Amino acid sequence: MSELVPEPRPKPAVPMKPVSINSNLLGYIGIDTIIEQMRKKTMKTGFDFNIMVVGQSGLGKSTLVNTLFKSQVSRKASSWNREEKIPKTVEIKAIGHVIEEGGVKMKLTVIDTPGFGDQINNENCWEPIEKYINEQYEKFLKEEVNIARKKRIPDTRVHCCLYFISPTGHSLRPLDLEFMKHLSKVVNIIPVIAKADTMTLEEKSEFKQRVRKELEVNGIEFYPQKEFDEDLEDKTENDKIRQESMPFAVVGSDKEYQVNGKRVLGRKTPWGIIEVENLNHCEFALLRDFVIRTHLQDLKEVTHNIHYETYRAKRLNDNGGLPPGEGLLGTVLPPVPATPCPTAE
Amino acid sequence: MAATDIARQVGEGCRTVPLAGHVGFDSLPDQLVNKSVSQGFCFNILCVGETGLGKSTLMDTLFNTKFEGEPATHTQPGVQLRSNTYDLQESNVGLKLTIVSTVGFGDQINKEDSYKPIVEFIDAQFEAYLQEELKIRRVLHAYHDSRIHACLYFIAPTGHSLKSLDLVTMKKLDSKVNIIPIIAKSDAISKSELTKFKIKITSELVSNGVQIYQFPTDDESVAEINGTMNAHLPFAVIGSTEELKIGNKMMKARQYPWGTVQVENEAHCDFVKLREMLIRVNMEDLREQTHSRHYELYRRCKLEEMGFQDTDPDSKPFSLQETYEAKRNEFLGELQKKEEEMRQMFVQRVKEKEAELKEAEKELHEKFDRLKKLHQDEKKKLEDKKKSLDDEVNAFKQRKTAAELLQSQSSQAGGSQTLKRDKEKKNNPWLCTE
């Protein structure tokens with residue numbers, strides 16, 4: 001009978017009521033050096049970033065990615081020769097590169113989806129993409145669940161998906177809506193209006209408004225999602241981006257031209273040179289700053305903390321047939337006195 | 001780290017691509033750090049040492065504040081752990097600091113089990129984290145990490161060598177936590193004795209195979225300083241929260257008749273080194289080691305104990321789940337068996353009790369019958385007695401009436417004779433009458 005009685009375990013250290021001590025007045029301790037320590041550590045380990053580009057062929061996806069990362073990371077489809085046909089189904093091509101800047105090394109993986117939206121019958125053409133994304137989550141989950149885990153699990157999950165909207169000037173196509181509806185739940189989608197140099201300023205702003213409205217009406221949450229805004233600061237900043245700038249109307253180019261004595265990236269047309277990084281011409285600079293300079297880490301975190309966790313929870317639920325909320329080994333491990341975590345389940 | 005190392009890590013097919021301009025992802029570490037700063041940091045220190053070695057004072061000195069708590073007595077029956085959490089704020093960095101102290105360590109007469117509460121406590125923290133990690137719906141990024149990141153082991157300044165209690169405890173703890181041994185109250189040892197003491201301690205630790213925490217030397221910027229510090233282990237520290245005026249500055253110090261010991265003077269003690277190493281240089285590394293080495297080891301052992309195994313990658317997709325199911329059924333079966341056993345035992349006990357009670361009832365009935373019989377016998381006897389008494393009384397009455405009759409007759413017949421007789425009777429009252 002005595003085996004049923006659990007051994008009394010000591011209560012784990014529980015933050016009963018943290019006492020706030022302002023130590024500024026009493027002398028310098030050095031706690032803020034942890035920022036430096038952390039920074040050094042992360043620079044040593046390096047970063048992973050996986051970006052997926054989705055859109056019909058000819059919308060300038062590869063050019064845009066090359067412009068974003070200022071290097072030839074994507075092979076342009078225009079280099080296809082006539083023998084290569086358009087693929088029959090959506091293919092997924094992931095190519096990895098290592099880029100370094102300012103001591104920071106990043107392993108960038110660009111995932112291209114040739115064949116999306118190019119067939120006559122495009123039903124379910126998002127399925128291979130969804131499958132690929134879920135496969136990456138599965139890979140990560142398997143590594144995480146291992147008993148002897150790797151020190152650093154290689155992260156191949158898609159952090160960001162740039163969806164290219166064709167600049168018709170009217171509204172979103174049914175294919176666009178279907179794709180975004182399905183995928184906004186599993187990955188961070190950033191809608192982008194491609195080849196924006198075909199629209200005038202008024203057409204551009206009208207189109208953007210219409211697109212925003214349609215996305216809202218269809219309940220499509222693109223990144224940055226409203227529900228994940230953490231504090232007021234984030235909320236106001238993200239609201240501004242959501243309601244004014246997105247979707248970004250971009251122009252991509254990797255050719256340089258001389259404008260006003262400076263060398264700029266641009267597209268040369270008979271009626272002028274469209275400067276890619278000029279905010280008056282297109283919103284490329286906004287997109288670049290948004291994705292790379294301010295929200296890169298956030299993209300990764302939302303993928304890890306929210307999309308991946310949703311996938312994991314669903315997977316464990318389906319496989320184990322356990323009621324939601326119950327621990328994986330809840331009935332197996334001997335009962336431990338509940339640790340009142342500050343966050344509720 | 002060379003670019004080739006990264007390329008190798010990254011796998012085939014990944015080439016380094018040169019950048020044609022400023023992209024801007026060098027702000028990535030800043031983005032990461034900003035996020036962490038907004039979330040705040042956790043740091044948990046465990047102080048192990050005998051009562052009276054100055055653990056609380058040292059913590060106060062390290063963090064420049066006065067933490068709560070009265071000093072412990074020496075009469076604790078067993079070792080207990082006392083933990084407190086504090087929110088410290090410096091510039092824009094918030095730190096949730098948890099300090100856990102042993103209470104009553106080394107005070108008992110029999111110290112064989114002294115290390116057990118400490119080991120159990122550390123394991124309980126790992127367990128809590130593991131439970132959270134294995135939950136289906138988890139919030140790991142907002143979880144308050146209570147795992148112990150650093151263990152400061154306080155060595156008494158005897159000047160000779162480590163006590164056996166110290167060795168045993170450190171041996172048990174070295175695979176579970178980062179141990180940093182320090183010599184407490186080191187103003188009790190002179191300089192020369194101190195060097196000998198340190199050498200003795202280090203050699204004892206090495207010969208007993210105790211793995212203490214080594215400051216990391218693989219990052220060039222800190223390799224040098226960490227390397228020199230590793231040679232100074234164990235640190236000889238002095239704690240003091242009193243401030244005395246020395247020269248024209250207020251410093252933390254201890255005043256003796258023969259001089260003043262300054263806490264922050266590197267020539268007097270290693271306090272500054274300890275603070276540098278613990279907080280300013282290696283806090284992040286301590287946290288990482290705890291997570292990637294000690295916690296992983298605990299997790300691996302725990303899961304293997306449970307019976308889970310890693311299958312090869314191309315076999316069943318989710319073996320953990322299936323093993324869990326099997327285990328679950330097994331345990332359910334066992335549970336049912338135990339239930340059956342208990343039920344049987346219960347039924348048996350009930351039967352026994354019933355039989356007992358029946359016996360008792362029977363006995364009582366018998367007793368009652370016996371008593372009743374006795375009572376009846378008694379009653380009968382009494383009635384008999386009464387009857388005989390009544391008979392006697394009746395007989396007496398009869399005789400009395402007969403005698404009276406006779407008396408009246410004889411008094412009528414021969415008065416004098418009777419008178420004489422009466423006189424005789426009177427004189428001889430003892431003549432019986434008939």
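Buried means under 20% relative accessible area. That cut-off is used in the views below, which show a predicted model.

**View 1. B:Ser36 in helix 2 of chain B.** B:Ser36 has a relative accessible area of 12%. It therefore counts as buried, because that value is under 20%. The residue sits in helix 2 of chain B, which covers residues 28-39. Leaving aside residues up to four places away in sequence, B:Ser36 touches A:Met38 and B:Phe41.

**View 2. The core around B:Phe63.** The largest nonpolar core holds 89 residues. Within this core, B:Phe63 and B:Leu278 touch the most other members. Helix 4 of chain B, residues 115-134, gives the largest share, with 10 residues. B:Phe63 touches A:Ile29 in chain A. In chain B, B:Phe63 touches B:Ile45, B:Leu88, B:Leu97 and B:Ile279. Residues up to four places away in sequence are not counted here.

**View 3. A second nonpolar core.** This core is separate from the largest one and has 83 residues. Among its members are A:Ile51, A:Ile99, A:Met246 and A:Leu299.

**View 4. Helix 3 of chain A.** Helix 3 runs over residues 127-145 and has 19 residues. From first C-alpha to last, the helix reaches 26 Å. The expected span is 27 Å at 1.5 Å a residue, and the computed value is close to it. Its buried residues include the aromatic side chains A:Tyr132, A:Tyr137 and A:Phe140. A:Ile129, A:Ile133, A:Leu141 and A:Val145 are also buried. So are A:Gln136, A:Glu138 and A:Glu144.

**View 5. The B:Glu204 and B:Lys200 pair.** The two side chains meet in a salt bridge, with 3.5 Å from N to O. Both residues lie in helix 6 of chain B, residues 191-207. They are 4 residues apart, about one turn of the helix. An α-helix has 3.6 residues a turn, so residues three or four places apart point the same way. B:Glu204 is buried at 15% relative accessible area. B:Lys200 is partly exposed at 37%.

**View 6. The B:Glu132 and B:Lys135 pair.** A salt bridge joins B:Glu132 to B:Lys135, and the closest N and O atoms are 2.9 Å apart. B:Glu132 is buried, with a relative accessible area of 3%. B:Lys135 counts as partly exposed at 22%.

**View 7. The A:Glu256 and A:Arg263 pair.** This salt bridge has its closest N and O atoms 3.1 Å apart. A:Glu256 is partly exposed, at 40% relative accessible area. A:Arg263 is exposed, at 53%.

**View 8. A salt-bridge network with members from chains A and B.** A:Arg149, B:Glu133, B:Glu296 and B:Arg299 are linked in a network of salt bridges. Over all chains, the count of salt bridges comes to 42.

**View 9. Chain A as a setting for the close-ups.** Chain A has 8 helices and 10 strands. Of its 345 residues, 52% are buried. Among contacts in chain A with a separation of 6 or more, 69% join residues 24 or more positions apart. The accessible surface of chain A comes to about 17,000 Å². Carbon and sulfur atoms account for 53% of that surface.

Notes:
Residues numbered from 1 in each chain as written. Chains lettered and ligands numbered in written order. Predicted model: local features only at pLDDT ≥ 70, side-chain atom pairs only at ≥ 80, totals over all residues. Heavy atoms only, no water. Helix = DSSP H or I, 4+ residues; strand = E, 2+ residues; numbered from the N terminus. Buried < 20%, exposed > 50% of the residue type's maximum accessible area, 1.4 Å probe, protein only. Contact = heavy atoms within 4.5 Å. Salt bridge = Lys/Arg side-chain N within 4 Å of Asp/Glu carboxyl O. Areas by Shrake-Rupley, 256 points an atom, 1.4 Å probe, with all protein chains shown as cover. Expected span 1.5 Å × (residues − 1). Core = buried A, V, L, I, M, F, W, Y, C linked by side-chain atoms within 4.5 Å.
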